[in-house]
Amino acid sequence: MLGRILRNRFGGIFLFVLFFLAISFITRVALAVYSRNAIDHSILGLFKAFSVGAWRDLITAFYVAAPLVAWLTVCPSRLFRKKAHQFFLLAIASFLIFALIATSFGECFFWAEFGTRYNFIAKDYLIYTREIVGSINQSYPMPAVMPLAAVFGILVAWRLSRTKPWRIWMQSETRFRRRFVIGSLLLIFPLVSYAFISPRDNDTSPNSYSNELALNGINTFFSAITHDPIDYDHYFPTRPSAKIFKEIRQELNEPNTYFPPTEKETIVRQIITYPDKNEKRLNVIYIAVESLSAHFLSSFGNTHKLTPNLDKLAEESIFFTNIKATGTRTARGIESLTLAIPPTPGGSIIRQPHTEGMFTVGTEFRKRGYETKFIYGGFSDFDNMQTFFGGNGFTIIDRSNFILDEQSFGNMWGLCDEDLFEKELKEADNAFSSGKPFFHFLLTTSNHRPFTFPDGKIDLPPGTQNATAAYTDYAIGKFLEEARTKPWFDDTVFVIIADHGVRINQDQTTFPVGDYDIPLFIYSPKHFTPKKVNTLCSQMDTAPTLLGLLQWNYTSRFLGKNIFSIKEDEGRALLGSYEKLAMLRPDSLTILNALRTPECYRYENGNLTPIQLDDDLIEYAIMYYQAAGRLYKNGELWENPSLRIKRQQEAEQESFWSSKSIDE
């Protein structure tokens, strides 16, 4: 049987598919063993994951082999048997073996970091090679794996060339008509098969790890490339726009909020809480802390005593104990903290083109004559932060602006948190000396892989996230201690919040709500009385809450709300994970899925139990997410929507004429 297959021109494709399936199976076993405590390890659960996974592997194998199938179809028999061509095929075999092995190792490292197969995050590996590839090299043994995989690929291909199956294949003869028929079928197979099972549709289990296990990383990687951004209206359930905007305006109709009469798809409104003379013109230091999950803090039950400074701060601040991040990436956190909007499907708005002139938290500060700066220990071209902050009125200070004496320690991701905070102390001093109030948005980097920090700061050795969380706590404590000696301290508000949480392996549900748990501290001892706020709320509510505490009157385009206007039993949080958009209520979770039926769950003590679809819960989730999508599309998240739409049209027109001239 094998001999008959190999005597056909496409016998080598058969060998490649077998090797591809073997590597994919070994990878899936390794991932299952690594996450053995999180996956559904029942016999039925494992059977579903591995059987559906094998089918996806087979489809992907033929996709990868398609260029070679096309070549073998048209390659003349005389050329096929020449030594030079055989060497060419061996070189291709070496490369494919190397690529599959390297990809397998890469998938294992990616899974260890994110708990998923390759997704839109993996695209960053191609775009932001300096930070991400550098961080990977410092965290995982990729520099050793890559050359070993290359050597292995060459040795296996060389050994294969000495085997009988290879020699049989090299002497095969297949007429063109037969080659054309077989080649066409092999090229059509993955296209037809894809219609029955696409990369992330048809989840095999309510367990998110088992669903990821059933995927193929190469397939999901290319799917992420071709499906970002995702348009809400195209992929998710919708309702008539008039209905949606009537409901969202009612939802945002907080006390002292005034909507002008309009039929437009807009949420622009006046928030008039206090007379202008009562506005607090305080400085604000807005700190987004890398990966500051609530699970690191003793205040949330951690027993390792990693965060003594933040736990103390919890007693001295307005401390929000039930706030959720909107996503799991830094760009998503920046989007939420600056624009006060829910997570949009696909990649963050921060990473999209034409983000200049948006209505951000900095808009109101600039109107009042504040200095607005974005201060970051890494390079701000990462995740499009430079374009976003620079295009929205912030002066950017990043790693390139730190002189040598200001850089005590750094890794590929950025300078240590102490260096960042020392820089901020200088910038705040300069602003105070000039007599100008300031709003500074800081983004830390230390609590990120490769988890390194300066020696001699804490008792834990570097290399783990617990250690870097403890170091970040140390740096924040040191920063606040030094800030208390400054003349500007009494009239400054410190807002400390995570950009996102971290993955926790205990959560085995289809949507890991616990991964979104973060803390929020608003600290200004002279102006705000410490208290704990237990209302369920969202990271996107941070900016409206801050402006409310400052007693500012302003025209708002935010979808977030002042947390103090939310009744405790009516809290809500919006959580996004690329193709899933979730609405968390105090006792329920609703999930909107791309191109699939929504899901409803009872939420109790952190656990999810499936329940029947609830129309009211689904409608409430659709209201927020569809409104956000329409506002983005219509330019209503910009200060001047008509100008934004005009600029976008001009850019599209330029792109059209550029491509036209190239084609001609």
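Trainee: In which sense do strand 2 and strand 12 pair, and over how many bridges?

Mentor: Strands of a sheet pair through backbone hydrogen bonds, in either a parallel or an antiparallel arrangement. Here strand 2 (residues 269-271) and strand 12 pair in the antiparallel sense over three bridges, where two strands count as paired if DSSP finds at least two bridges between them, and Gln-270 has Thr-555 in strand 12 as its bridge partner. Helices (H or I, at least four residues) and strands (E, at least two) are DSSP runs, numbered from the N terminus. This is a predicted model, in which local features need pLDDT of at least 70 and side-chain atom pairs count only at pLDDT 80 or more, while totals for chains, interfaces and linings use all residues. Residues are numbered from 1 along each chain as its sequence is written, and side-chain values use heavy atoms, with hydrogens and water left out.

Trainee: Which sheet holds that pair, and which strands are its edges?

Mentor: Three strands form an open sheet in the order 1-2-12, with antiparallel pairing. Its edge strands are strand 1 (257-258) and strand 12 (554-556), each of which pairs on one side only.

Trainee: What is the strand order in the open sheet of five strands?

Mentor: The order is 13-14-15-16-17, again with antiparallel pairing. Strand 13 (573-576) and strand 17 (607-611) are the edge strands, each pairing on one side only. Neighbouring strands of this sheet are turned by 25° against each other on average, direction ignored; angles run from 0 to 180 degrees between N-to-C directions, and axes are lines fitted to C-alpha atoms, for helices over the stretch in contact.

Trainee: How many bridges join the neighbours from strand 13 to strand 16, and which residues stand opposite one another?

Mentor: Strand 13 and strand 14 run antiparallel and are joined by four bridges, with Ala-573 opposite Leu-584 in strand 14. Strand 14 (residues 580-585) pairs with strand 15 in the antiparallel sense over six bridges; Leu-581 stands opposite Leu-592 in strand 15, and Leu-584 stands opposite Leu-589 in strand 15. Strand 15 and strand 16 (residues 599-604) pair in the antiparallel sense over four bridges, and Glu-599 in strand 16 is the bridge partner of Ile-591.

Trainee: How many residues lie between the strands of each hairpin here, and where is a positive phi found?

Mentor: The hairpin of strand 13 and strand 14 has three residues between the strands, and Tyr-578 takes a positive phi near 70° there. Strand 14 and strand 15 form a hairpin with two residues between them. In the hairpin of strand 15 and strand 16 there are five residues between the strands, and Leu-595 takes a positive phi near 60°.

Trainee: Are the faces of strand 14 and strand 15 buried or exposed?

Mentor: In a regular strand the side chains alternate between the two faces of the sheet. Buried means under 20% relative accessible area, exposed over 50%, and partly exposed in between (1.4 Å probe, protein chains only). Strand 14 is largely enclosed by the rest of the structure, because six of its six residues are buried: Lys-580, Ala-582 and Leu-584 lie on one side and Leu-581, Met-583 and Arg-585 on the other. Strand 15 (residues 588-593) is mostly covered, with six of its six residues buried; Ser-588, Thr-590 and Leu-592 point one way, and Leu-589, Ile-591 and Asn-593 the other way.

Trainee: How does helix 22 lie relative to the strands, and at what angle does helix 14 pack with helix 22?

Mentor: Two packed helices are described by the angle between their axes and the distance between the axes. Helix 14 (residues 241-251) and helix 22 (residues 615-633) pack at an angle of about 105°, with their axes 9 Å apart. That makes helix 14 roughly perpendicular to helix 22 (under 35 degrees counts as roughly parallel, over 145 as roughly antiparallel, 65 to 115 as roughly perpendicular and the rest as oblique). Contact means heavy atoms within 4.5 Å, and the residues that make it include Phe-245 and Ile-248 of helix 14 and Tyr-620 and Met-623 of helix 22. Helix 22 also lies across strand 13, strand 14, strand 15 and strand 16, running at about 60° to strand 15.

Trainee: How many residues of helix 16 are buried, and which elements do they pack against?

Mentor: Helix 16 (residues 330-339) is mostly covered, with ten of its ten residues buried. Those buried residues pack against several elements, among them strand 3 (283-289), helix 17 (361-367) and helix 21 (542-549). Just after helix 16, Ala-340 takes a positive phi of about 55°.
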